[in-house]
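Visitor: I am new to this structure and would like to be led through it slowly, one question at a time. Could we begin as soon as it is in view?

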Amino acid sequence: FPYTATYEESMDKPKIATCTAPVNIAVIKYWGKRDEELILPINSSLSVTLHQDQLKTTTTVATSRSFQEDRIWLNGKEEDITHPRLQSCLREIRRLARKRRNDGDPSLDLSHKVHICSVNNFPTAAGLASSAAGFACLVYTLARVFAVEGELSGIARQGSGSACRSMYGGFVQWIMGQKDDGKDSIAQQVEPETHWPELRILVLVASAERKPVGSTSGMQTSVQTSCLLKHRAESVVPGRMVEMIEALRRKDFAAFAELTMKDSNQFHATCLDTYPPIFYLNSVSQQVINLVHRYNRHYGETRVTYTFDAGPNAVIFILQQHVPEFVRVVQHFFPPETNGGQFIKGLPVKSASLSEELKRAIGLEPMPKGISYVISTKAGPGPRIVEDPAQHLLGSDGLPKETV
């Protein structure tokens, strides 16, 4: 290929792209792998993609012949690029790019090293699915730089299982697949984010600390020791997936809510059935569960539902018209610090009053400062390309900008 001088010069400038990707919250939980290396699950799962205006990862990838080695910075700190899961994603994208190049696209030199810079706008590793958003964003941005197209969720899955679901917006299923090579273990959009506009999501942040038992090691122990997990994967989840997809398509909140709570409770029951047991919920989480059931019982209908991932933060699903009152209930039973920052972050919530009758019906002892803050959000789109070069996290030298 005859390189011209101008081509040479242009090759010294890094090829750069920036993208954002969303967090997703599973309503039918993924817990347990049948293949640790390829990250293949023992059951299918289903999630709701949260809106990136409130929760997102932003990643910039640059590639240049002047880079000496692959490097990565996460939330302002350089991390180890040799992490096996990072390497899996890099290797897969480069393999697909090589295939594309062999098919006649010579524009990319695959010997060039990459610099990656990634930031979250929410606490990392606090049960807010940061690895899902992070790996989805990494794969989507790498694909952009290396001009790779097509099915990417299977690559994101090899970084973090639930990351495959963050490759799409709205309501997404991760089909467990049957093949040993995992080629059929991919994510698929069930409905877009526009499907159920009245649905609102509240993240009740009980703690922004790192979880005591990470998901990876927790899952391994559960697979090895929990009989309930085996029963769940084989006999419970397949039916629940069908029911959940039907409830979503019908926008049947009561059916969606009941399935969501039951599945969250069963997931945490399998954690308790693990030996030694794993406790992700704390006293605040348990109080939120009681609060939701008493609130629903008072109205004689299911207006609110909860789900908890591997951490104490509650994710509440609720229809828009009930949000003001329920947020007021949360503020009453979990009084925030008076001089603290903003209690409600994200989408604005109208103020509402609380009847004495409702307070009495719930009848719980308030837990001051139990909840740090509430993130008010809704279902949102999948990964997005950031077109504005000023938003790149890496400078023209391929190093993080000072503001990161």
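Visitor: In which loop does H51 lie?

Guide: Please keep in mind throughout that this is a predicted model. The strand β5 covers 45–49 and the strand β6 covers 56–64, and H51 is placed in the loop between β5 and β6.

Visitor: Is H51 buried or exposed?

Guide: Residues under 20% relative accessible area are called buried. Because H51 has a relative accessibility of 15%, H51 counts as buried.

Visitor: Which residues does H51 touch, not counting residues up to four places away in sequence?

Guide: Contact here is a matter of heavy atoms lying within 4.5 Å. With residues up to four places away in sequence not counted, the residues that H51 touches are T377, K378, A379, G380 and P381.

Visitor: How many aromatic pairs does the structure hold, and what is the geometry of the one formed by Y30 and W174?

Guide: The structure holds 10 aromatic pairs. Among them is the pair of Y30 and W174, whose rings are 4.6 Å apart from centre to centre, with 65 degrees between the planes. Since planes over 60 degrees apart count as edge-to-face, the pair of Y30 and W174 is edge-to-face.

Visitor: How many residues apart are Y30 and W174, and which parts of the chain does the pair link?

Guide: Y30 sits in the loop between β2 (24–28) and β3 (33–35), while W174 belongs to strand β10 (residues 171–174). Both Y30 and W174 are buried. The pair links distant parts of the chain, with Y30 and W174 lying 144 residues apart.

Visitor: Why are Y295 and Y299 separated by about one helical turn?

Guide: Y295 and Y299 also form an edge-to-face aromatic pair, at 5.2 Å centre to centre and with 65 degrees between the planes. The two residues are separated by about one helical turn because both lie in helix α8 (residues 283–299), where they are 4 residues apart.

Visitor: Which of the words buried and partly exposed fits Y295, and which fits Y299?

Guide: The limit for a buried residue is a relative accessible area under 20%. Y295 is at 0% relative accessibility and therefore counts as buried. Y299, over whose face R303 lies at 3.7 Å from the ring centre, has a relative accessibility of 27%, so Y299 counts as partly exposed.

Visitor: How are α8 and α9 oriented to each other?

Guide: The axes of α8 and helix α9 (residues 323–333) come within 12 Å and cross at roughly 130 degrees. The contact is made by L291, V292, Y295 and Y299 of α8 together with E325, F326, V329, V330 and F333 of α9. The crossing in which α8 passes α9 is right-handed. Because an angle of roughly 130 degrees is not over the 145 degrees needed for roughly antiparallel, α8 and α9 are oblique.

Visitor: How are α6 and α7 oriented to each other?

Guide: Helix α6 (residues 227–250) and helix α7 (residues 253–273) have axes 10 Å apart and pack at an angle of about 165 degrees. Their crossing is left-handed. Since angles over 145 degrees count as roughly antiparallel, α6 and α7 are roughly antiparallel.

Visitor: What is the sign of phi at K251, and in which loop does K251 lie?

Guide: Most residues other than glycine have a negative phi. K251 is not a glycine, yet its phi is positive, at about 55 degrees. K251 is partly exposed, with a relative accessible area of 38%, and its place is the loop between α6 and α7.

Visitor: Which residue does a cis peptide bond join to P276?

Guide: Most peptide bonds are trans. P276 lies in the loop between α7 and α8. Here omega is about -5 degrees, and the residue joined to P276 by a cis peptide bond is Y275.

Visitor: Which residues does L281 touch, not counting residues up to four places away in sequence?

Guide: L281 also lies in the loop between α7 and α8, and with a relative accessible area of 22% it is partly exposed. Leaving out residues up to four places away in sequence, L281 touches H268, I289, F308 and G311.

Terms used
Residues numbered from 1 in each chain as written. Predicted model: local features only at pLDDT ≥ 70, side-chain atom pairs only at ≥ 80, totals over all residues. Heavy atoms only, no water. Phe/Tyr/Trp six-rings, centres within 6.5 Å; stacked < 30°, edge-to-face > 60°. Buried < 20%, exposed > 50% of the residue type's maximum accessible area, 1.4 Å probe, protein only. Lys NZ or Arg CZ within 6 Å of the ring centre and 35° of its normal. Axes fitted to C-alpha atoms, helices over the stretch in contact; angles between N-to-C directions. Parallel < 35°, antiparallel > 145°, perpendicular 65-115°, else oblique. Left-handed = near helix turned anticlockwise from the far one by under 90°.
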